[in-house]
Structures are given as structure tokens and as C-alpha cells.
Amino acid sequence: MSSALLYSITGVGLFAIGLLGVVLASHIIRKVLALNVMGVGIFMLLIALAKQNAFTIDPLPQAMVLTGIVIAAAGTALALNLMVRLYEIEKTQQDKL
Amino acid sequence: MFRDIDLEYKGAVIDPKASPLISGLLVAALLFVLIWMLLNHEVHYGEIQHLVDDNLNLSGVSNPVTAVLLNFRAYDTLLELAVLLIAVIAVLPTHDYPAPILQKTAAAEKRLVIIALQRWISPALLLFAGYLLWAGASQPGGAFQAGSLLAGACVLLSQTGSYRINYTSIIARSLLVVGLAAFVAVALALIGFAGNLLNYPTNYAGLIILLIEAGATVSIATALASLYSGLLEPCFFEFNRSAP
């Protein structure tokens, strides 16, 4: 078993753990974190597949991952901001009741 | 403030949660299929790799990842900067808060360790970000890494508590769009010169890539830092909304 294959399988495993978290977690922070674990798993799979043999590395998956990390960070920040806004709305509604 | 956030579902349905057993079995089946495919199928052939290697001398840079990001698949990076800008627009308040971009505030408590750390690390971060931006042409590095470092410097600055960055000021908003604006300007100008969107002339490709990367670095740094500040200081935006 080559190390690239080991990393690929680890990436798939991380994806599965994240998917389970998204489905099962009931708290929004946990859901967002689980989505991030899924994303990390996909990045890891892409990076592992980019290394075909010991000498050359395919630059295309690496560029995709580089783009994806920034987008994932921005998406997480957007989700957390929406969560804070939701919390504020819930709080004002509970105060009114 | 995150400690008292409680957003768990407490609605009318008695058991809204997915069954752990069924979900676990389904995910395990998916995991099994995916690993079976990884072991038994060649998922990736690397044909495009030869295409990149053969055309690398036309791209203006010698690092293949940078060549893919900013020349061969520049569309992706253009759209990525647009997505980043949209995320920031969704988070930032709509109207300006009348304050300079960097404001010294009276700190309630002096966080001496963070202040000292910031004074020592910030200049090094600036220098290293500039180096990463320059090194991106030939080595691992480039706009994303440099932008993240600069964003980290901004976050560290706001963590000291004695400075407040106003991301709604006109300067900050200009910094947010400068990367996308430079990219779109280059793309439109190239329609006139080369006849194609983002088809760089070989002689100037290196210069164009450096120009776009410099703009993108500033935009990525400001965007990430502003997204983070919206999370850290919701009270700032609260204050912002009630400001005249």
C-alpha cells in the first residue's frame, strides 16, 4: 500500500465522519464544523491523488485545493455570521414572549 | 458570547433527529463503496499534467501551480475572488460607519502579551507576505498564502483590543474590490489586445500575473479579516447599525 493511497483512504474516512456529523448533529456549530471536516477530507483526497508517482506532482488538483480552502474559509465565516444573526433574532423573539 | 448560544432544535416534532443507526449504516456503506473504488479503479490519469508541463514556458511563471491558477485556469481564480467578495457583502453592514479605517480605542484591559506579540510579529508577517507573493512565480507561494498571512496580521491587530479596524470605510471597501477589479480590468483590456478574455501575451504574462496577484493578495487579506471581525465583534456592527 503506497502512502498516497493511505492518504486517499484517510481523506475518504474524514469525508464520511463529516457526513455523519452533518446528519446527526443537532447544534448548528457542530453542523458547520462537520461540514468543514467533510471539506478537509475532500482536499486531502485531491492532494493525495495529485501525487501519481514519486517524481511528478499534478498541479491541477493542487490549484483547485488552494482555491477551495479560501472559499471554504469564507463559507464557514458566512455560515457562522448567519448563525449569530439567527441567535439574535431568536433572542429578541424570546424576550418578547 | 458563543458560550450561551443555544440553537438546538426544540420544536413540535417529538424526535426530529436522524436515527444514528440508519445514518451510520448508510455512511458506512458509502465509505465502503468509495474505498472499494479507490482500491480497484484508476481514478486519475494525469493527462492534463503533461499539457501543463509542455506549456509552462508560455505561462510567464515557472511554478506549475501558479501557472494553472492564474494563467491556464484563470477563470476559476476570477470567480473565486467574486465568491469571496459576495460572502463579504453578505456579512458587512450596508451603510458606512463614519470612522477612519484604523482607530485607536481606549482599551478596557491591557492585554500585554498579545500587544507585545503583535508588535514583534506584525512586521515579520508583512515582510513574509511580500516574500510569499514574490516567490509564487517560481516556488510554492502566491496570492492566497500571502493574503492569509496579512489577514492573520489584521486579526492579531484587532485582538490587542487597542485598535479597531473599520471595514465599512471607503478605503477598506476599495481594498476589498481591488483584486477583482484588477482581474476584470486585465481581462477586458486583453479582449482589445489579444482578442480573447484572459489570453495573456507570452512576453507580458509574468508581469500581468504579478499585478493580478498583488491585487488579489490585498483583497483576500481584507476579505478574510473582515469576515472574522464580523464574528468577533457583533457589538461593533450593532453599534454600527444604530449610528446615524
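Colleague: Leaving aside its neighbours within four places in sequence, which residues is Val32(A) in contact with?

Modeller: The model is predicted: local features need pLDDT of at least 70, side-chain atom pairs count only at pLDDT 80 or more, and totals for chains, interfaces and linings use all residues. Residues are numbered from 1 along each chain as its sequence is written, while chains are lettered from A and ligands numbered from 1 in the order in which they are written. Two residues are in contact if their C-beta atoms, placed from the backbone, lie within 7 Å. Beyond the four places on either side, the contacts of Val32(A) are Thr76(A), Ala79(A) and Leu80(A).

Colleague: Is Val32(A) buried or exposed?

Modeller: Val32(A) sits in helix α2 of chain A; helices (H or I, at least four residues) and strands (E, at least two) are DSSP runs, numbered from the N terminus. A residue is buried if 20 or more other C-beta atoms, placed from the backbone, lie within 10 Å of its own, exposed if 12 or fewer, and partly exposed in between. Val32(A) has 20 C-beta neighbours inside 10 Å, so it counts as buried.

Colleague: How far apart in space are Val32(A) and Leu82(A), C-alpha to C-alpha?

Modeller: In sequence, Val32(A) and Leu82(A) are 50 residues apart. In space, their C-alpha to C-alpha distance is 11 Å.

Colleague: How are α1(A) and α2(A) oriented to each other?

Modeller: Axes are lines fitted to C-alpha atoms, for helices over the stretch in contact, and angles run from 0 to 180 degrees between N-to-C directions. Helix α1 (residues 3–24) and helix α2 (residues 28–50) of chain A pack at about 160°, with their axes 7 Å apart. Angles under 35 degrees count as roughly parallel, over 145 as roughly antiparallel, 65 to 115 as roughly perpendicular and the rest as oblique. The pair α1(A) and α2(A) is therefore roughly antiparallel.

Colleague: In the contact of α1(A) with α2(A), how many residues are charged?

Modeller: Ala, Val, Leu, Ile, Met, Phe, Trp, Tyr, Cys and Pro count as nonpolar, Asp, Glu, Lys and Arg as charged, and the others, Gly among them, as polar. In the contact of α1(A) with α2(A), 18 residues are nonpolar and six are polar, and the number of charged ones is two.

Colleague: Which handedness has the crossing of α1(A) and α1(B)?

Modeller: The axes of α1(A) and α1(B) are 10 Å apart and make an angle of about 160°, so the two helices are roughly antiparallel. A crossing is left-handed if the near helix is turned anticlockwise from the far one by less than a right angle, and right-handed if clockwise. Where α1(A) passes α2(A), the crossing is left-handed. Where α1(A) passes α1(B), the crossing is right-handed.

Colleague: How many residues of the contact of α1(A) with α1(B) are nonpolar?

Modeller: Among the residues that meet are Leu5(A), Ile9(A) and Val12(A) in α1(A), and Leu30(B), Leu31(B) and Leu34(B) in α1(B). No residue of this contact of α1(A) with α1(B) is charged and four are polar, while the nonpolar ones number 15.

Colleague: Which element gives the largest share of the side of chain B that touches chain A?

Modeller: The contact between the chains takes 36 residues from chain A and 43 residues from chain B. On the chain B side, the elements giving two or more residues are α1 (20–40), α2 (47–55), α3 (64–72), α4 (74–91) and α8 (205–232). That side divides into 31 nonpolar, seven polar and five charged residues. Its largest share, nine residues, comes from α1(B).

Colleague: What span should α4(B) have at 1.5 Å a residue?

Modeller: The buried residues of α4(B) include Leu78(B), Glu80(B) and Leu81(B). The expected span of a helix is 1.5 Å times one less than its number of residues. α4(B) has 18 residues, and its end C-alpha atoms are 26 Å apart, which agrees with the expected span of 26 Å.

Colleague: Which orientation do α5(B) and α6(B) have to each other?

Modeller: The axes of α5(B) and α6(B) come within 9 Å and cross at roughly 165°. That angle makes the pair α5(B) and α6(B) roughly antiparallel.

Colleague: Is Ser138(B) buried or exposed?

Modeller: Ser138(B) lies in the loop between α5 (112–135) and α6 (143–159) of chain B. Leaving aside its neighbours within four places in sequence, Ser138(B) is in contact with Val61(B), Ser62(B) and Asn63(B). With 11 C-beta neighbours inside 10 Å, Ser138(B) counts as exposed.
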